[in-house]
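Hi everyone, thanks for coming. I'd like to walk you through a structure I've been looking at, so have a look at the screen with me.

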Amino acid sequence: MPVHIITGFLGSGKTTLIHSLIEQKPVDEKWAILVNEFGQIGIDQAMFDARDDVVVKGLPGGCLCCQLAFVLQAALVNLLARSKPDRVIIEPSGLGHPAGLLDLLRSEAFQEVVEVRDIIATLDPRRMDDARALQHDTFRDQLDMADAVALTMLDHSTPEQLSAAHAFVAQRWPPRKWVQEAPQGELPLTLLMQSTSTEASDVSIPANHQQLAATPSLEGAFFDFPPPPGKPQREIGSSLGYTSTGLRWHPSERFDLDSLAKSLGELPKAARIKGVFHTDSGWKRLNRADGALSIETSAWRQDSRLEVIVPDTDLAIDIEDHLRSLALA
């Protein structure tokens, strides 16, 4: 069974790309999407609408290559046995290193079960102006291990940034199988369907990821009971030079959408923001990467939840205190 890994740094459009692929999915195939995220609350599953032919499983609160490797193995075994998908797409955290994930999928447990196809990395050209990202080992390793690269966020990038991104990828060796510009996150399905076995070689997990190895946990699972009205749940985690702040609210609590967007817009530009909210305009998905905020209608109804990830250098602003001021309708 083919397994596809879609990796990429924080806010590089991985989920949007997967949405595009799902919309092109052959009607006779059933897909499973495994989404790992850095934050503790778990929000990425809420970014997908429910479908009978697409099963989405979220693994919040860690990195697949270290903290959640055991949990991933158990989740994948269970998913294959119960859902019997024709194809699996795995989206590691934006701070996740693909080496441990690749090791697991090539292990004896899955050797005769899955075939890891071309690893696709998403690259936001705006990162070419971000010295912190360019020097981040995980950012570089994600691209170095990828068989192919999708250039995303084109509507937010300048021609100079796009040209620099092409040049940056061209410097990688061996050359990528393909480099595709993906406007609005749209990637031709043929690139996925016609992919072959990944050529990525085994790479050692960096020391900073090995230090994260811990007893796996599924806290923050998507089917927890919501917190009581007026008492939002807060979860904070920090590693790899980034800190995540996650919050959940009871589904009966409604937010003023204009005030919410304004308040989130006041957070540092470097803050990665994802949220699903019950607002005075209905249920909405909010997504902000590198300062650009998008708002879409959401089918999620279980609770309101928010995840904000910032580099530790930006913590001079008290993120949690700021989020306490989010205005209810």
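Let me start with a bit of vocabulary: when I say helix or strand, I mean a run assigned by DSSP, at least four residues for a helix and at least two for a strand, and the numbering goes from the N terminus. Also, please keep in mind that this is a predicted model.

With that, go to Pro 174. You'll find it in the loop between helix H6 (159-170) and strand S8 (178-181). The peptide bond leading into it, from Trp 173 to Pro 174, is cis, with omega near 0 degrees. Why point that out? Because most peptide bonds are trans, and most residues other than glycine have a negative phi.

That second half brings me to two more spots. Lys 84 sits in the loop between helix H2 (69-83) and strand S4 (87-91), and its phi is near 50 degrees, so a positive value in a residue that isn't glycine. Lys 84 is exposed, with a relative accessible area of 59%. Then there's Met 153, in the loop between strand S7 (148-151) and H6. Phi of Met 153 is positive too, near 55 degrees. Is Met 153 buried or exposed? With 19% relative accessibility, it counts as buried, because the cut-off is under 20%.

Met 153 also turns up in the next part, the pockets. The largest pocket has a volume of about 750 Å³. It is lined by 37 residues, and those closest to its centre are Gly 13, Thr 16, Met 153, Asn 287 and Ser 294. Which elements give two or more residues to that lining? They are H1, strand S11 (272-279), strand S12 (282-289), strand S13 (292-297) and strand S14 (304-311). By type, the lining splits into ten nonpolar, 16 polar and eleven charged residues.

The second largest pocket comes in at about 340 Å³. It has 19 lining residues, with Arg 127, Asp 130, Lys 269, Ala 270 and Asp 290 nearest its centre. Here the split is eight nonpolar, two polar and nine charged.

Now back to S14, and its partner. S14 runs antiparallel to S10, and eight bridges join the two. One pair you can pick out is Leu 247, whose bridge partner in S14 is Leu 306. S10 itself is largely enclosed by the rest of the structure, because eight of its eight residues are buried. On one side you have Tyr 242, Ser 244, Gly 246 and Arg 248, and on the other Thr 243, Thr 245, Leu 247 and Trp 249.

Gly 241 lies in the loop between strand S9 (233-239) and strand S10 (242-249). At 26% relative accessibility, Gly 241 is partly exposed. How far is Gly 241 from Pro 311? In sequence they're 70 residues apart, yet in space it's 6.0 Å from C-alpha to C-alpha. Leaving out residues up to four places away, Gly 241 touches Arg 132, Val 310, Pro 311 and Asp 312.

Last stop: Glu 29, in the loop between helix H1 (14-23) and strand S2 (31-36). It's a buried one, at 14% relative accessibility. Its side chain makes polar contacts with the side chains of Trp 31, at 2.7 Å, and Arg 87, at 3.1 Å. Beyond its neighbours within four places in sequence, Glu 29 is in contact with Asp 53, Asp 86, Arg 87 and Met 193.

That's my tour, thanks for listening!

Technical notes: Residues are numbered from 1 along each chain as its sequence is written. This is a predicted model: local features need pLDDT of at least 70, side-chain atom pairs count only at pLDDT 80 or more; totals for chains, interfaces and linings use all residues. Side-chain values use heavy atoms; hydrogens and water are left out. Buried means under 20% relative accessible area, exposed over 50%, partly exposed in between (1.4 Å probe, protein chains only). A polar contact is a pair of N or O atoms within 3.5 Å; within protein, one must be able to donate a hydrogen and the other to accept it, and residues adjacent in sequence count only if both atoms are side-chain atoms. Contact means heavy atoms within 4.5 Å. On a 1 Å grid over the protein atoms alone, a cavity is a set of points where a 1.4 Å probe fits but cannot get out, and a pocket is an open set with protein on both sides within 12 Å along at least five of seven lines; lining residues have an atom within 4 Å of a point. Grid points are joined across faces, edges and corners, and a volume is the space filled by probe spheres set on the points. Ala, Val, Leu, Ile, Met, Phe, Trp, Tyr, Cys and Pro count as nonpolar, Asp, Glu, Lys and Arg as charged, and the others, Gly among them, as polar. Two strands pair if DSSP finds at least two bridges between them.
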